[in-house]
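Please open the model in your viewer and keep the sequence panel beside it. The tour below moves from one selection to the next and says what is found at each stop.

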Amino acid sequence: MRYLHVKDLAISEAVASAIPAETARSVSGRLIARRPIERGYMGAALQDISADAAAALGLPEARGALVASVTPGGPATVAGLKPGDAILKVDGRDAENAEAVTRAVTRKRPGDTITLEFFRRGRRLNLEVILVARPPEDLLQRLTE
């Protein structure tokens, strides 16, 4: 993956962050055209799978993303994803960690469907999630209270 390095000189020290070049091109093109930035959202909080968690779940290795929680009524909940599920693949591609799953989801647009392969209670399962636009933060906070 190629990265575009951006320096923010608005503060006294230069702060650099890495943004995938593909993402920077996509976002900048939409901003220049004054089109909204639309990213897929599935409503699941994810975390990396530690070696201890992998062992407890019965996974052969510490890879993928553990579902920590799902937003009530959100796409992940509607599709049947549950806390404790371990996402192993997105659209047939291995999910190395939580960030990889998040990137795969946010590369998609609202209305797109993703296929998740996940591990639950010793079984590999698949489900499809129809993504939506991310709700405003205040609504998300109310949903998760």
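Begin with R63, whose relative accessibility of 22% places it among the partly exposed residues, and bear in mind throughout that this is a predicted model.

**First selection: R63 and its partners**

With R63 selected, add E61, which forms a salt bridge with R63 in which the closest N and O atoms are 2.9 Å apart. E61 is itself partly exposed, at 42% relative accessibility. Now add E96, whose side chain meets that of R63 in a salt bridge with an N to O distance of 3.5 Å. This second pair links distant parts of the chain, since R63 sits in the loop between α2 (51-57) and β5 (65-70) while E96 sits in the loop between β7 (93-94) and α4 (98-106), 33 residues apart. E96, with a relative accessible area of 45%, is partly exposed.

**Second selection: K108 and D91**

Move next to K108 and D91, where the side chains meet in a salt bridge at 3.3 Å, N to O. K108 belongs to the loop between α4 and β8 (113-120) and D91 to the loop between β6 (86-90) and β7, so the pair ties together parts that are 17 residues apart in sequence. K108 has a relative accessible area of 25% and is therefore partly exposed, and D91, at 36%, is partly exposed as well. To see how such pairs can be joined, select E61, R63, K89, D94 and E96 together, which salt bridges with shared partners connect into one network. The structure holds eight salt bridges.

**Third selection: the second largest pocket**

Turn on a surface and look for the second largest pocket, which has a volume of about 290 Å³. Its lining consists of 14 residues, and those closest to the centre of the pocket are R93, A100, R103, A104 and R107. The elements that contribute two or more residues to this lining are β7 and α4, and the largest share, five residues, comes from α4. If you colour the lining of the second largest pocket by residue class, seven residues appear as charged, six as nonpolar and one as polar.

**Fourth selection: the nonpolar cores**

Hide the surface and select M42, L81, I87, V101, I114 and L116, which touch the most other members of the largest nonpolar core, a set of 20 residues. At least two residues of this core are supplied by each of β5, β6, α4, β8 and β9 (123-130), and α4 gives the most, with four residues. Within this group, centre the view on L81: what is it in contact with, once its neighbours within four places in sequence are left aside? The contacts of L81 are A44, V67, V70, A76, I87, L116, F118, R120 and L127. Another core of seven residues lies apart from the largest one, and L66, A86, L88 and F119 are among its members.

**Last view: the whole chain**

Finally, clear the selections and show the protein as a cartoon, in which five helices and ten strands make up the secondary structure. Colouring by relative accessible area sets apart the 29% of its 145 residues that count as buried. Of the contacts in the protein with a separation of 6 or more, 49% are made by residues 24 or more positions apart.

Conventions. Residues are numbered from 1 along each chain as its sequence is written. This is a predicted model: local features need pLDDT of at least 70, side-chain atom pairs count only at pLDDT 80 or more; totals for chains, interfaces and linings use all residues. Side-chain values use heavy atoms; hydrogens and water are left out. A salt bridge is a side-chain nitrogen of Lys or Arg within 4 Å of a carboxyl oxygen of Asp or Glu. Buried means under 20% relative accessible area, exposed over 50%, partly exposed in between (1.4 Å probe, protein chains only). On a 1 Å grid over the protein atoms alone, a cavity is a set of points where a 1.4 Å probe fits but cannot get out, and a pocket is an open set with protein on both sides within 12 Å along at least five of seven lines; lining residues have an atom within 4 Å of a point. Grid points are joined across faces, edges and corners, and a volume is the space filled by probe spheres set on the points. Ala, Val, Leu, Ile, Met, Phe, Trp, Tyr, Cys and Pro count as nonpolar, Asp, Glu, Lys and Arg as charged, and the others, Gly among them, as polar. A nonpolar core is a set of buried Ala, Val, Leu, Ile, Met, Phe, Trp, Tyr and Cys residues joined through side-chain atoms within 4.5 Å. Contact means heavy atoms within 4.5 Å.
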